[in-house]
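User: Please take a close look at how the helices pack against one another in this model, and follow the packing into the nonpolar interior. I would like one connected account rather than a list.

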Amino acid sequence: MSTERKVAIVTGASQGIGAGLVEGFLAKGYRVVANSRSIKPSDKPDLVTVAGDIADPQVAKRVVATAIEHFGRVDTLVNNAGIFVAKPFIEYTAEDLANVVAVNVAGFFHVSQQAGARMLSQRSGHIVNVTTSLVDQPIAGVPAALASLTKGGLDAVTRGLAIEYADKGIRVNAVSPGIIKTPMHKPETHDFLARLHPMQRMGEVKEIVDAVLYLDSAGFVTGEVLRVDGGQHAGRW
């Protein structure tokens with residue numbers, strides 16, 4: 001078993017941004033462990049899949065253990081799994097809260113602890129959190145308090161962990177997307193969603209993949225939240 005090539009873990013990897021990240025890392029020569037609830041087995045030698053809910057601590061443990069068992073190391077973790085529920089604040093239910101916190105917060109927490117422990121033993125590693133531009137720039141007509149609550153926490157912990165581990169060889173960064181053209185958005189909504197960006201278009205999956213790969217290669221960058229949102233964060237428009 002070779003441990004020379006880099007190894008990336010991607011959560012929420014079955015479609016959209018996550019699937020794009022898997023292909024992006026593979027194209028860069030990484031070996032990849034991909035997780036989502038519904039992900040299918042892989043026949044690619046450099047890709048291993050682990051099905052299960054990343055909010056479950058045992059699934060998180062299994063994801064990292066799989067990377068070590070198959071590839072011998074963990075170099076990059078991308079916390080891409082997330083749930084977005086848009087509702088007026090007072091209409092959120094206790095179930096909504098539990099579901100969003102489970103994936104967006106607990107999902108990050110458990111797998112990052114497991115991967116972080118391995119990175120500490122290696123004295124090297126990189127964690128990338130996928131947040132949302134709504135943390136910086138709420139949009140009238142898009143009520144998303146649970147996204148702000150949970151992804152805002154990821155935004156803050158990115159900087160906290162970057163400082164905590166800066167002298168231990170581990171970098172922590174985030175990518176903050178606008179609305180990306182993925183299967184979760186029906187084609188008939190695209191015109192409306194495009195207008196929610198100053199650039200008047202939705203983002204492409206490749207643009208998020210490029211941002212993550214840039215951060216992964218940028219050895220002197222940590223604690224950064226890279227906004228890939230067509231200008232949403234810059235202010236009102």
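Analyst: In this predicted model, α1 and α6 are oblique to each other, because their axes meet at an angle of about 50°, an angle that is neither under 35 degrees nor within the 65 to 115 range counted as roughly perpendicular. The axes of α1 and α6 lie 9 Å apart, and the crossing of the two helices is right-handed. On the α1 side the contact is made by G16, I17, G20, L21, G24 and F25, while α6 contributes V205, I208, V209, V212, L213 and D216. Sorted by class, the residues of this contact of α1 with α6 comprise eight nonpolar, three polar and one charged.

This pairing leads into the nonpolar interior. In soluble globular proteins, nonpolar side chains tend to be buried together. Here the largest nonpolar core has 27 residues, and the members that touch the most others are L21, V22, F25 and V32. Two or more residues of this core come from each of β1 (7-11), α1 (16-27), β2 (31-36), β5 (125-130) and α6 (205-217), with α6 giving the largest share, seven residues. L21 shows how the parts meet: apart from neighbours within four places in sequence, L21 is in contact with V10, V78, N80, V209 and V212. There is also a second, separate core, which holds 26 residues, including V33, F71, V103 and F108.

F108 also appears in the packing of helix α3 (residues 94-122) on helix α4 (residues 145-165). The axes of α3 and α4 are 9 Å apart at an angle of about 15°, and the two helices are therefore roughly parallel to each other. α3 passes α4 in a right-handed crossing, and the contact draws on D96, L97, V100, V101, N104, V105, F108 and L120 of α3 together with L146, L149, T150, K151, L154, V157, L161 and Y165 of α4. By class, the residues of the contact of α3 with α4 are twelve nonpolar, two polar and two charged.

Another partner of α3 is helix α2 (residues 57-71), whose axis comes within 8 Å of that of α3 and crosses it at roughly 30°. α2 and α3 are therefore roughly parallel to each other, since an angle under 35 degrees counts as such, and their crossing is right-handed. From α2 the contact takes P57, A60, K61, V63, V64 and I68, and from α3 it takes H110, V111, Q114, A115 and R118; these residues divide into seven nonpolar, two polar and two charged.

Returning to α6, one residue of the loop between α5 (190-194) and α6 deserves a note, namely E204. With a relative accessibility of 33%, E204 counts as partly exposed, because that value falls between the under 20% of a buried residue and the over 50% of an exposed one. Leaving aside neighbours within four places in sequence, E204 is in contact with I180 and K181. The C-alpha atom of E204 is also 7.9 Å from that of T182, although the two residues are 22 residues apart along the chain.

Conventions. Residues numbered from 1 in each chain as written. Predicted model: local features only at pLDDT ≥ 70, side-chain atom pairs only at ≥ 80, totals over all residues. Heavy atoms only, no water. Axes fitted to C-alpha atoms, helices over the stretch in contact; angles between N-to-C directions. Helix = DSSP H or I, 4+ residues; strand = E, 2+ residues; numbered from the N terminus. Parallel < 35°, antiparallel > 145°, perpendicular 65-115°, else oblique. Left-handed = near helix turned anticlockwise from the far one by under 90°. Contact = heavy atoms within 4.5 Å. Nonpolar A, V, L, I, M, F, W, Y, C, P; charged D, E, K, R; others polar. Core = buried A, V, L, I, M, F, W, Y, C linked by side-chain atoms within 4.5 Å. Buried < 20%, exposed > 50% of the residue type's maximum accessible area, 1.4 Å probe, protein only.
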